[in-house]
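I set out to record, entry by entry, what I looked up in this structure. The sequence and the coordinates come before my notes.

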Amino acid sequence: MKKEILTKNFLVVALTALLIFTINGKASAAGLFGAPQTVSKEAGGLNTAIGYWYHEDTYKNDTDQIIRQNEVYSQVAYGAKNIWEIYARIGVSDMKIFDAFSSTDALTTTNKNDFEENWKFFGTLGTKGFYPINKTFGIGAFIQGTYYFSNFTDDVARTSSGKPFTTDLKVKNLWDVNFGVGFQATIPYGIKLYAGPYIYYSEAKVSLAANIPSLEYAAGNVSIENKSIAGGFAGIDIPLAKGFRLNVECQYSDRFSAGAAVSYTY
Amino acid sequence: MKSYLTLIVLFIFLAVGCAHSPSSTVLPQARSSPQQVLLASNSDQIPAKSLGKPVGNIDDEYKDDQNLDYTNDTFKEERVEIADPLEPFNKAMHQFNDKLYFWALKPVAQGYKKVVPEPARIGVRNFFSNLGFPNRFFSCLLQTDFSGAATEAGRFTINTIWGIGGLLDPSSNKELDLQKQDTDLGQTLGVYGVGQGFYIVWPILGPSSPRDSIDIASDYFLYPVSYISPWYAGLGVWGYEKVNATSLRIGDYESLKDAAIDPYVAFRDAYIQYRLKKVKARKAKLAPSETQEVNSPSADPVLPKKEN
Amino acid sequence: MKKQFAVLSILIIFVLSIPVYAGVPMTTVEATVNRVLDVLRAAKLKSPAAKEKKKEKLRIIYKDMFDEIEFSKRTLTRNWNKFSPAERVEFVNLFEQILEKSYIDKILDYSNEKVDFYKESMLSENQAEIQTKIVTASKEIPIFYRMILKDGKWKVYDVVVENVSLVQNYRTQFNDILIKDTPEQLLEILRKKVKAQ
């Protein structure tokens with residue numbers, strides 16, 4: 001008897017958790033897109049950068065779940081002719097999902113509400129092209145993809161009707177791809193302003209495992225996909241001294257994300 | 001093997017300058033450069049070249065009466081000598097290192113050079129050089145060279161963050177102009193007046209002295225590679241670094257050895273001079289009012305002054 | 001631009017009444033080194049057969065620039081007196097040959113690097129030091145030329161490479177040998193070396 005109830009509760013809990021992730025829309029856009037035009041020198045050269053990105057997003061369910069990520073990354077890029085660039089990044093990111101573990105059911109208590117996990121490595125590859133219309137204006141396009149090398153895991157201790165059990169939530173193989181178009185204006189002193197729309201797609205596998213003492217170990221997997229989701233980005237790229245540049249950007253697609261990077265042009 | 005071995009393609013200039021083949025009698029007439037016009041004098045230039053010249057001219061040039069200790073020179077070449085009480089041991093070690101170079105290090109470095117392109121090898125060298133930051137930084141601090149310490153800190157930060165972990169060296173660019181402060185703890189001791197002591201040649205590590213050996217020992221503690229565990233992995237990395245560095249300098253050691261009449265003495269002297277000049281340069285940097293050279297105002301044009 | 005500096009410095013000299021030839025050492029060295037680089041880079045002399053021709057051309061240039069007697073004397077210092085005139089002649093000859101054979105091949109390989117002349121200092125009234133450096137892809141080699149003014153012309157009497165003075169280096173070697181051997185024996189050592197090269 002008791003067993004059945006527990007199992008049922010577990011399933012409810014599990015399903016709830018999974019539902020959250022079914023609609024987990026805007027998973028990590030990994031970082032700044034950068035100005036549509038490369039900062040490398042015209043004859044072709046490297047540029048390197050270090051960046052920080054604060055990412056926040058919401059997804060709608062019966063309740064709003066917010067995820068928040070802080071990313072730090074290092075980038076190496078090669079560009080030429082002031083027109084094209086390819087870049088690669090490696091970075092670390094954390095992940096926090098607010099209220100991921102809150103129970104929807106009075107019988108279940110939980111020791112914490114948020115899913116939280118610290119730094120996991122990710123890699124990003126991207127390429128961009130730029131077409132200058134005249135000396136000031138231009139238009140460019142980019143495509144960028146990110147993949148997380150490790151999984152985000154968090155667990156929570158819960159009780160259901162007084163019986164303790166633990167639930168493990170794993171977010172695996174998180175990846176995304178972004179595609180966008182940007183308009184750029186160059187104002188005096190070499191400052192570039194840019195803005196544009198973008199669309200992206202993200203996917204992850206979420207697995208849930210619950211360990212109920214005296215019951216068998218139960219686990220469930222779900223693969224989440226998104227419909228293409230769109231957003232907008234805007235930023236500014238300012239030359240500092242001696243080959244360094246500061247790039248500040250924000251993105252908006254349901255929630256606001258922003259970040260900055262300092263680059264060096266060889 | 002210290003970096004003085006990164007010799008000297010331009011010993012060549014000297015070589016060619018003094019170059020003379022006994023068979024070429026063309027040379028005396030071939031001198032037609034415009035500066036020659038200024039010289040009517042016949043006693044100048046290379047009487048040695050033309051054995052056919054009248055004896056009187058040779059005598060002029062080889063006169064005894066000149067002060068051969070060159071004490072009249074207002075600029076004195078510093079006499080650099082070092083005691084060598086361990087000479088038999090040193091000579092044996094020198095021989096050992098020589099064989100080690102030709103039989104082991106050089107073949108490996110040559111093979112490595114064939115396989116790996118130069119930019120990659122330069123990147124590896126930059127990477128290891130970047131790791132040498134603690135030694136250089138603390139040496140600067142101990143010498144109270146705070147600007148040098150700041151430069152080193154800046155170099156390390158920029159090269160690590162924006163130089164792909166130290167593989168690239170943007171700090172040395174003309175724009176950033178943060179030059180490597182080529183100093184170590186041995187020089188620090190030298191700046192404080194500690195003499196070289198005497199000459200020692202360590203197997204594998206090369207020429208040194210008690211003062212500079214302290215440097216070798218403390219460098220071990222300040223160099224991150226030493227802390228790689230297990231010990232043989234650290235040693236392997238250290239060895240790789242040496243192979244990579246040698247691959248960029250193949251030929252330098254051979255040149256010096258080949259040009260020397262007595263290789264052991266040549267290397268000893270080269271080592272001592274090199275270290276002495278470095279210490280002098282550090283001292284001059286710390287107390288700029290005491291520079292040795294007398295600059296006439298007109299002869300010191302506004303040219304970029306690079307640290308050696 | 002360097003020529004302008006030379007001209008400018010000469011003008012300043014007149015104003016400040018300093019010896020006229022300040023500035024000339026730098027231009028002398030520069031001109032010579034550039035001539036050498038021209039020979040090394042000459043396209044028509046790239047074939048192996050042209051090696052001898054190149055060597056000849058280089059010798060001509062360098063005879064101008066270097067003062068072998070001064071150089072040789074300074075490596076022997078007091079020992080110079082131990083040599084008879086004929087021995088001295090032979091010494092200078094042999095010494096030159098040894099140096100040439102040791103380095104000529106290396107210099108012939110050398111053509112693409114940049115030579116940077118960046119400082120001239122007067123060490124005394126008739127001595128100057130020109131600081132240059134060779135910039136290659138993988139390293140920078142500082143080379144200083146020490147020059148002496150003899151009979152109105154500036155000539156190089158010492159080359160200091162990476163802080164190591166050639167004169168000093170050979171002086172130590174010759175001195176060590178001449179402590180126990182006679183001049184004739186030293187000459188014999190040199191002859192053997194030339195043969196072996």
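**Notebook: chain C, its neighbour helix and model confidence**

I began with burial in chain C: 48% of its 197 residues count as buried. I note at the outset that the model is predicted.

*Entry on the fold of chain C.* I looked up the secondary structure and found seven helices and five strands in chain C. Reading along the sequence, I wrote the pattern down as α-α-α-α-α-β-β-β-β-β-α-α. I then turned to contacts in chain C with a separation of 6 or more, and 47% of them join residues 24 or more positions apart.

*Entry on the helix pair between chains B and C.* I asked at what angle helix α12 of chain B and helix α6 of chain C cross. Helix α12 covers residues 263-286 of chain B, and helix α6 covers residues 166-180 of chain C. I found that their axes come within 9 Å and cross at roughly 140°. Angles over 145 degrees would count as roughly antiparallel, so α12(B) is oblique to α6(C). I recorded the crossing of α12(B) past α6(C) as right-handed.

I next listed the residues that meet there. From α12(B) they are B:V265, B:A266, B:D269, B:A270 and B:Q273. From α6(C) they are C:Q168, C:N169, C:T172, C:Q173 and C:D176. By class, I noted three nonpolar, five polar and two charged residues in this contact.

*Entry on chains A and B.* I looked up how many residues each chain gives to the contact, and found seven from chain A and seven from chain B. On the side of chain A that touches chain B, I recorded four nonpolar, two polar and one charged residues.

*Entry on confidence.* For the model I noted ipTM 0.78 and pTM 0.75. Chain C has a mean pLDDT of 79, with 85% of its residues at 70 or more. In residues 13-22 of chain C, pLDDT stays under 50, and I found 17 contacts beyond four places in sequence for this stretch.

Chain A averages a pLDDT of 80, and 78% of the residues score at least 70. I asked where confidence in chain A is lowest and where it is highest. The lowest is in helix α1 (residues 2-22), at a mean of 50, and the highest is in strand β6 (residues 137-148), at 93. Over residues 16-27 of chain A the pLDDT is below 50, and this stretch has 36 contacts beyond near neighbours in sequence. I add a caution: where pLDDT is low, the predicted coordinates should not be read in detail.

Note on methods:
Residues are numbered from 1 along each chain as its sequence is written. Chains are lettered from A and ligands numbered from 1 in the order in which they are written. This is a predicted model: local features need pLDDT of at least 70, side-chain atom pairs count only at pLDDT 80 or more; totals for chains, interfaces and linings use all residues. Helices (H or I, at least four residues) and strands (E, at least two) are DSSP runs, numbered from the N terminus. A residue is buried if 20 or more other C-beta atoms lie within 10 Å of its own, exposed if 12 or fewer, and partly exposed in between; C-beta atoms are placed from the backbone. Two residues are in contact if their C-beta atoms, placed from the backbone, lie within 7 Å. Axes are lines fitted to C-alpha atoms, for helices over the stretch in contact, and angles run from 0 to 180 degrees between N-to-C directions. Angles under 35 degrees count as roughly parallel, over 145 as roughly antiparallel, 65 to 115 as roughly perpendicular and the rest as oblique. A crossing is left-handed if the near helix is turned anticlockwise from the far one by less than a right angle, and right-handed if clockwise. Ala, Val, Leu, Ile, Met, Phe, Trp, Tyr, Cys and Pro count as nonpolar, Asp, Glu, Lys and Arg as charged, and the others, Gly among them, as polar. pLDDT is the predictor's confidence in each residue, from 0 to 100.
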